[in-house]
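Let's take a walk through a protein chain together. Have the sequence and the coordinates open as you read.

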Amino acid sequence: MADITPKRADYISWDEYFMGVALLSSLRSKDPNSQVGACIVDEDNKIRSMGYNGFPRGCSDDEFPWAREGETLDTKYAYVCHSELNAILNYRGGSLEGCKIYVTLFPCNECAKAIIQAGIKTVVYASNKYDGTPSVEASKKLMNAAGVRYYQYQSTGRKIQFEV
């Protein structure tokens with residue numbers, strides 16, 4: 001029997017791959033302050049959907065505000081759809097029951113509700129820069145109660161570069 005050439009050893013893990021897709025998705029966001037991306041995968045490691053934070057379909061990102069401060073209707077917060085919700089709503093294939101979502105920022109409480117209702121069972125997040133805020137505390141409380149597991153992505157420090 002001939003010697004078998006060994007497989008390559010430096011391939012990226014599933015977590016690196018899907019967090020990379022979430023990060024790449026975040027680069028589509030036109031938000032000048034926070035670019036957030038999400039990638040939903042099933043139990044077979046197949047991508048089901050992706051999303052990034054931005055205005056709803058048909059709402060021009062040149063006509064709505066991107067401001068973080070001011071009167072509510074003069075800021076982005078009344079209008080922007082978060083990456084997790086976009087990824088859930090972008091999926092047209094049926095149920096997301098049992099899926100995992102990779103997101104570049106820990107989900108807010110509103111996104112946690114959507115994640116739970118969609119049947120997603122695991123959240124992998126890169127950053128939790130708003131840890132300790134009421135929104136994140138409510139999100140954790142909701143996900144804990146619903147049995148949604150969440151953990152922070154552990155970066156390998158690997159640099160991935162590409163040119164198109």
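We begin with the whole chain, then turn to a helix and its surroundings, and end with the aromatic rings.

Please keep in mind that this is a predicted model. The chain has four helices and five strands, and from the N terminus on these elements follow the order α-β-β-α-β-α-β-α-β. Along the principal axes, the C-alpha atoms fill a box of roughly 75 × 40 × 35 Å. Of the 164 residues, 37% count as buried. Contacts that span the sequence are worth a look too: among those between residues at least 6 apart, 62% join residues at least 24 apart.

What does the chain show on its outside? About 10400 Å² is exposed, and carbon and sulfur atoms supply 52% of that area. As for charge, there are 19 positive and 20 negative side chains, and the centres of the two sets lie 4 Å apart.

Now find helix H2, which covers residues 83-90. Which of its residues are buried? They are Ser 83, Glu 84, Asn 86, Ala 87 and Ile 88. The buried residues of H2 pack against three strands, S1 (37-41), S2 (47-52) and S3 (100-105), and against helix H3 (109-118).

Ile 88 makes a good place to pause within helix H2. Its relative accessibility is 14%, and because buried means under 20%, Ile 88 falls in that class. Leaving aside residues up to four places away in sequence, Ile 88 touches Ile 40, Leu 96, Ala 114, Ile 115, Ala 118 and Ile 120. For a sense of distance, pick out Phe 55 as well: Ile 88 and Phe 55 are 33 residues apart in sequence, and their C-alpha atoms are 15 Å apart in space.

One of the residues touched by Ile 88 is Ile 40, and Ile 40 leads us on to a strand pairing. The bridge partner of Ile 40 is Ser 49 in S2. Strands S1 and S2 run antiparallel and are joined by five bridges. As you trace them, recall that in a regular strand the side chains alternate between the two faces of the sheet. The hairpin of S1 and S2 has five residues between the strands, and Asn 45 takes a positive phi near 60° there.

The aromatic rings are our last stop. How many aromatic pairs are there? With ring centres within 6.5 Å as the rule, the count comes to nine. Trp 14 and Phe 18 form a stacked pair, with 5.4 Å centre to centre and 10° between the planes. Why are these two residues about one helical turn apart? Trp 14 and Phe 18 are separated by about one helical turn because they are four residues apart in helix H1 (residues 14-26). Their surroundings can be compared as well: Trp 14 is partly exposed, with a relative accessible area of 48%, whereas Phe 18 is buried, with a value of 0%.

A tilted pair is formed by Phe 55 and Phe 64, with 5.4 Å centre to centre and 40° between the planes. Phe 55, which we met when looking at Ile 88, counts as buried at 13% relative accessibility, while Phe 64 counts as partly exposed at 25%. To finish, return to Trp 14 and Phe 18: together with Tyr 17 and Tyr 102, they form one aromatic cluster.

Key:
Residues are numbered from 1 along each chain as its sequence is written. This is a predicted model: local features need pLDDT of at least 70, side-chain atom pairs count only at pLDDT 80 or more; totals for chains, interfaces and linings use all residues. Side-chain values use heavy atoms; hydrogens and water are left out. Buried means under 20% relative accessible area, exposed over 50%, partly exposed in between (1.4 Å probe, protein chains only). Contact means heavy atoms within 4.5 Å. Two strands pair if DSSP finds at least two bridges between them. Accessible areas come from the Shrake-Rupley method with a 1.4 Å probe; for residues, only the protein chains shown count as cover. Lys and Arg count as positive and Asp and Glu as negative; His and the chain ends are not counted. The place of a charge is taken as NZ of Lys, CZ of Arg, CG of Asp or CD of Glu. Rings of Phe, Tyr and Trp (its six-membered ring) pair if their centres lie within 6.5 Å; planes under 30 degrees apart count as stacked, over 60 as edge-to-face and the rest as tilted.
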